[in-house]
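Welcome, and please open your viewer. We will go from stop to stop, selecting as we go.

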Amino acid sequence: MAILVAAGRGLRAGSAIPKQFRPLGGMPLLALSLRPFAACDEIRQMILVVPDPEEARRQLSKWLPSRLPIDFVRGGETRQASTGAGLEAAAGASLVLVHDGVRPFITPELIRRVLSGAAEHGAAVPLLPVQETLKKVGPEGRVLGTAPRGEFALAQTPQGFRREILEAALNRAGSEGYEGTDEAELVERLGRPVARVEGLRENIKITTPEDFLLAEVLLTRGRGEVTVNMRIGIGYDVHPLVPGRKLVLGGVEIPHPCGPAGHSDGDLVCHAATDALLGAAGLSDIGQLFPDSDLAFRNASSLDLLARGWARIREAGFSLGNLDLVVVAEEPILSPHIEAMREKIAGTLGCEPGQIGIKGKRGEGLGFEGRREGMAAHAVALLVPGAEVRKT
Ligand code: MG
C-alpha cells in the first residue's frame, strides 16, 4: 500500500496550477510520480491524497495505470492531516509507504528497499549523505559555526512503516499538537527505531521553477537525447477550389474569384498547421477532434479550430518551438498576405510571428495545384515540453 501525499496548493513554483498537476514531459507531475509504484508488483493499492478528489481523477484519468486500484482522498490543512486521511483510507494494509507526490524520480528499486526496511525494522527512511559543508547560522545571517556533516543526512520519501507504528505516531503528534516535517520524525518521537536505507540523488522534490527545468533534463537523460525532449509533427491538407467561395488562408481573407470547398471555411493553412501541432503532441488529428459530421463546425473559422487544438496541446504540457508551412497555389500571389497570416497564427498560438514560417509556392502548371483545381498546404511543427521560455 502506498499513499501519495499531494494535497498542497503548491503555488511556490510560480504557476496558478498546483505544482503536482503541472505538466512535466507531457503529463501531470503527479501522474509521473505514480508510475514507479505501478511498476512495482509489491504495491497492490494506492491512495492519492489531493485537494479535490473529483478534479484530480479527471485530470489524471488518461494516465492512471490499469494494474493498480487507486483511491482519491481529500487532504487536510497540513501535511500531517493529509497523511492521516490517506492512512484512514488504507484499511487492511500492514505496510504503508508515504511518498511526496512531487518526487517523480523514485525507482522500483528504491521502493523495494524501503518496503523491506520497513518490514524488518518497523520504520525505514531513505537518506542521502550531506555533500555540502553544513553551517550553523544565527538570526542575522551570521555564520555561527560548522556542523560535523557526517552526523547528518538528508531525508527523502517514500518512507515506509508498519501500519500500527505510523498510526500511533500520527495519533501521538495529533494529541500533542505537534507538526513534524516528515512522518519518520513522528515515529522518532515515539522512541521507535527508524532504519536507514540508501536514498537516491535524483529523487528530487520539485518545488521551484528551477526544479522543473532540472526535472525536464532528468527526464530526457538515458534516452540519448541531446536536446530537451523536443517533438516534431507533420501536417498536410488539400481542398478543391470552387467559384464564389471565400478564400481564407491562415485566417486572412484574400480577394479571389474562387475559394476552397469544405465543411469549415476550408482554411487549409490552419488545417495543416493544426495537424502538425497535434501530431507533434501525440494527440489525434483535426478530423477526429472536429469531425465533418458535427454541425457545430459547419463554416467554422479554422483559426478557432487551431486555437482549440492548441489549447489541448498546452494542456498536454507543450509549448511551441516553431511552425513552418508551404502553401501550394497557382494563384493568387500570396506574398502580399504572408505577414498578415503569420501574425494571425502567432496571435492564435500566443507566440512571436518569428516562430511561424509561411512560404507560397506556385504549381508551375503541374498537378491539381498547377491546373488551379485545388490548393494544398504542408506544415511541420516543433514542440518543446513545459511552459515557454519567453523573452520579456
Ligand atoms: Mg481541410
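Buried area is the accessible surface, taken with a 1.4 Å probe, that two parts lose on being put together, summed over both. Keep that in mind for the second stop, and remember throughout that this is a predicted model.

**Stop 1: the two domains.** Colour residues 2–131 together with 150–220 as domain 1, and residues 231–385 as domain 2, following the domain assignment. Taken over C-alpha atoms, their centres are 45 Å apart.

**Stop 2: where they meet.** Now show the contact between them: 6 residues on the domain 1 side touch 5 on the domain 2 side. About 340 Å² is buried between domain 1 and domain 2, and carbon and sulfur atoms give 61% of that area. Next, select Pro23, Gly26 and Glu216, which supply 73% of what domain 1 buries against domain 2, more than any other three residues. By class, the domain 1 side of this contact has 2 nonpolar, 2 polar and 2 charged residues. How many salt bridges are there between domain 1 and domain 2? The count is 0. Polar contacts across this interface also come to 0 residue pairs, with both residues required to be at pLDDT 80 or more.

**Stop 3: the magnesium ion.** Centre the view on the magnesium ion and select its protein donors: Asp237 through OD, His239 through NE2 and His271 through ND1, lying 2.2 Å from the ion. Along the sequence, these donor residues follow the spacing D-x1-H-x31-H.

Are Asp237 and His239 buried or exposed? Asp237 has a relative accessible area of 16%, so it counts as buried, because buried means under 20%. His239, at 11%, is buried as well.

Note on methods. Residues numbered from 1 in each chain as written. Predicted model: local features only at pLDDT ≥ 70, side-chain atom pairs only at ≥ 80, totals over all residues. Heavy atoms only, no water. Domains from an automatic or database assignment. Contact = heavy atoms within 4.5 Å. Salt bridge = Lys/Arg side-chain N within 4 Å of Asp/Glu carboxyl O. Polar contact = N/O pair within 3.5 Å; in protein donor to acceptor, adjacent residues only side chain to side chain. Nonpolar A, V, L, I, M, F, W, Y, C, P; charged D, E, K, R; others polar. Donors = N, O, S within 2.8 Å, 3.2 Å for Na, K, Ca; no water. Buried < 20%, exposed > 50% of the residue type's maximum accessible area, 1.4 Å probe, protein only.
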